[in-house]
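Welcome, and please open the model in your viewer. We will go from the whole chain down to a few places worth selecting.

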Amino acid sequence: EATKGAASRGLAFGAIQAPAATVDEVVVPTGYRWSPIIRWGDPVLAGGAAFDADAQSAEQQLLQFGYNNDYLDILPLDDTRGAAFWNGKKQEFGRTRNKGRGRDKGPKGRDTARKALLVANHEYVNPAIMFSPTSDPAVLAEQRRIQMAAQGMAVVQLTRKRSSTPWVYSPVNSYNRRIHTGTAFEVDGPAAGSDLMKTIDDPAGRTVLGTLGNCAGGTTPWGTVLSGEENFNGYFRSAGTSAADARYGLRDAETSGGWEHVDPRFDARSAGYENEPNRFGWIVEVDPYEPTTAPVKHTALGRFKHEGANVLLAPSGQAVAYMGDDERFDYLYKFVSTDTMRNGTSSKDRAFNRTLLSTGSLYVARFTGDSPAAEIDGTGTLPADGSFDGTGEWLALTLDGVSQVEGFDDASVLVHARLAADALGATKMDRCEDVEPSPTTGHVYIACTNNSDRGKDGKEGATEINPRLSNRDGHIVEIAEDGDDATATTFTWNLLLVCGDPAKNVSTYFAGFPREKVSPISCPDNVAFDDSGNLWISTDGQPGTIGYADGLFKVPLTGAERGHVQQFLSVPVDAETCGPVIHEDDEMVFVAVQHPGEDGTVAAPRSFFPDYVPAGTAPGPGQSAGPRPAVVQVWKG
Ligand code: FEO
Ligand code: CA
Ligand code: CA
Ligand code: CA
């Protein structure tokens, strides 16, 4: 089966058997190979040196690829026209859309097979496996500065000779870029310039240094990248006394990273920095094709623990961004732009499109099930109508930037979006991770990764949309907007998957596909689509639940194969599978391998990915004896 897959076009494969969680390998299907494209510490800017664990410095880290890569995209690059070849639709890589034009020519004969831009988030750091412990205050301070330089985002150019072959990253060129804790962001939207955004360093409330907790993201139809600031609260020591502090998890306690000892703005108790935490928890937009444009924080999309944002164009041309707040019992949101996207490719049109997320309406979701509550028993057993399903509505927090929630003005409804959504009675979800509309059908897929607290200690119990108590394995929601219009305020929904290992858990559900024929899957996190419209799901937490390594899975959404979950790859010990990027026509798959060996130390590593330097051998130039997060490419070979 696997051999046949390797011989045919596209990404056919025989599902792998997931290895145990302790296996320190990347496992790919028969007929495929893998290699790292870029690793933590690889130089990406002029002056950057090859990684040397013993000589790492903040100065070098600013010039190198960051830590814990999460969101990933590999975007086509036509060097002669820059971003101008984006016209509302991502162009394909290479050969298949124009079979008569030769192997390596893209649409309209342009060569989009040989150059690309890799864009990655660097969500957080793992100091215990990055640094040896120290009691020297100067060394500790430098380690903290390295951490601050290792987070954020990266843009890196890739090259290769022909399509469907491995990429090589280019260490120095005009597109390469590092965004980190010191990078200046413009603030726009209704909360920009409000009192809630002002600090002693930025009395205008319109410029923020840095981005934090950049988890998932999305590439827009106009060719920019959105990134979600997720667990920003953990970087701040705060008064912790207000309702907003409590709702956002801001506490008066020393932070684990200790950055408040290096930079006073991370201590929001200090005079003038009370609002610094309000300046994080946003969706940020970066234009990888225009390296000199400042990244932007879009306050119109609300402030919460943003997993990411993915945009679909409505029939009207309005941009609709779907977003999850990844916390137990938090919410699903969408933003609808007031303006419509321009299809022109001039830099003027492009600049206009970068303002689409500046003004619009923000909604939060309320779900209603169609089965009697008595039939939702908390085990995940299907109700009598055979489906977890129902209807829903989008409740307006703002309309064209104007607050719709009593007691909140146009700025506070966004800065304190969670409190405003509480007031509207939004539905408490089981941790919405990635939320992504299918480019093929417009249906929206929501990875609810798990919720160990559902039904515990007086917390909300099982409902049709979140049907399991102590939801260990997670589920996937499928939404169809009414009228197939992404701007609609009502929708229908059903659960596509109720995850778990069907061999051990009979309450699993795979859209009606025979459960004995699927790969076990738990804790869905990031999602992506291939060129045929199949959904790909990566996982974060399988080892703790079903015992197998985390991995990447494909699931068809239509026809007889709907619900047929098949595992494509797995990642090394302790690692989470991020990205993913599926270039079906180019026959390539990419994942960001995040936090390999996370539970080890420098002295006692648990993973040796990706260099796998043999024990007792000195690492070669640029290599590491210990684990490093890295972007991995998979190809047929
Ligand atoms: Fe950073 Fe919600 O995962
Ligand atoms: Ca039902
Ligand atoms: Ca995630
Ligand atoms: Ca996760």
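Here is a short tour, one selection at a time.

**The whole chain**

Keep in mind that this is a predicted model. Show the protein chain as a cartoon and you will be looking at nine helices and 32 strands. The C-alpha atoms fill a box of roughly 65 × 60 × 50 Å along the principal axes. How does the radius of gyration of the protein chain agree with that of a compact globule? For 637 residues, such a globule would have a value near 26 Å, and the chain has 23 Å, which agrees. Buried residues make up 56% of the 637 residues. Among contacts with a separation of 6 or more, 63% are between residues 24 or more positions apart.

**Strand 14 and its neighbours**

Next, select residues 318-324, which form strand 14. Seven of its seven residues are buried. Which residues are buried on each face of strand 14? On one side you will find Gln 318, Val 320, Tyr 322 and Gly 324, and on the other Ala 319, Ala 321 and Met 323. Both faces are therefore covered, since a residue counts as buried when 20 or more other C-beta atoms lie within 10 Å of its own.

Now add residues 310-313, strand 13, which runs antiparallel to strand 14 and is joined to it by four bridges. Pick Asn 310 and look across to Tyr 322, its bridge partner in strand 14. Four residues lie between the two strands of this hairpin, and Gly 317 there takes a positive phi near 95 degrees.

Then add strand 16, residues 332-340, which is also antiparallel to strand 14, with six bridges joining the two. Here Gln 318 stands opposite Thr 340.

**Helix 8**

Select residues 417-424 to bring up helix 8, and colour Ala 417, Arg 418, Ala 420 and Ala 421, its buried residues. These residues cover an arc of only 160 degrees around the axis, so they sit on the same side of helix 8. What do the buried residues of helix 8 pack against? Show helix 5 (243-247), strand 15 (328-330), strand 17 (360-369), strand 18 (389-399) and helix 7 (412-415) to see their partners. Before you leave, click on Gly 425 just after helix 8, where phi is positive at about 75 degrees.

**Strand 32, between two partners**

Move on to residues 630-636, strand 32, where six of the seven residues are buried. Add strand 1, residues 32-39, which pairs with strand 32 in the antiparallel sense over seven bridges. Find Trp 34 and you will see it opposite Val 634. Strand 31, residues 588-594, also pairs with strand 32 in the antiparallel sense, over six bridges. In that pairing, Val 591 stands opposite Val 632.

**A last stop: Ala 503**

Finally, select Ala 503 in the loop between strand 24 (490-498) and strand 25 (509-510). Is Ala 503 buried or exposed? Ala 503 is exposed, because just 11 other C-beta atoms lie within 10 Å, and a residue with 12 or fewer counts as exposed. To end, draw a distance line from the C-alpha of Ala 503 to the C-alpha of Asn 343: the two are 160 residues apart in sequence and 50 Å apart in space.

Note on methods. Residues are numbered from 1 along each chain as its sequence is written. Chains are lettered from A and ligands numbered from 1 in the order in which they are written. This is a predicted model: local features need pLDDT of at least 70, side-chain atom pairs count only at pLDDT 80 or more; totals for chains, interfaces and linings use all residues. Two strands pair if DSSP finds at least two bridges between them. The radius of gyration is taken over C-alpha atoms; the globule rule is 2.2 Å times the number of residues to the power 0.38. Two residues are in contact if their C-beta atoms, placed from the backbone, lie within 7 Å. The arc is that of the directions from the helix axis to the C-beta atoms.
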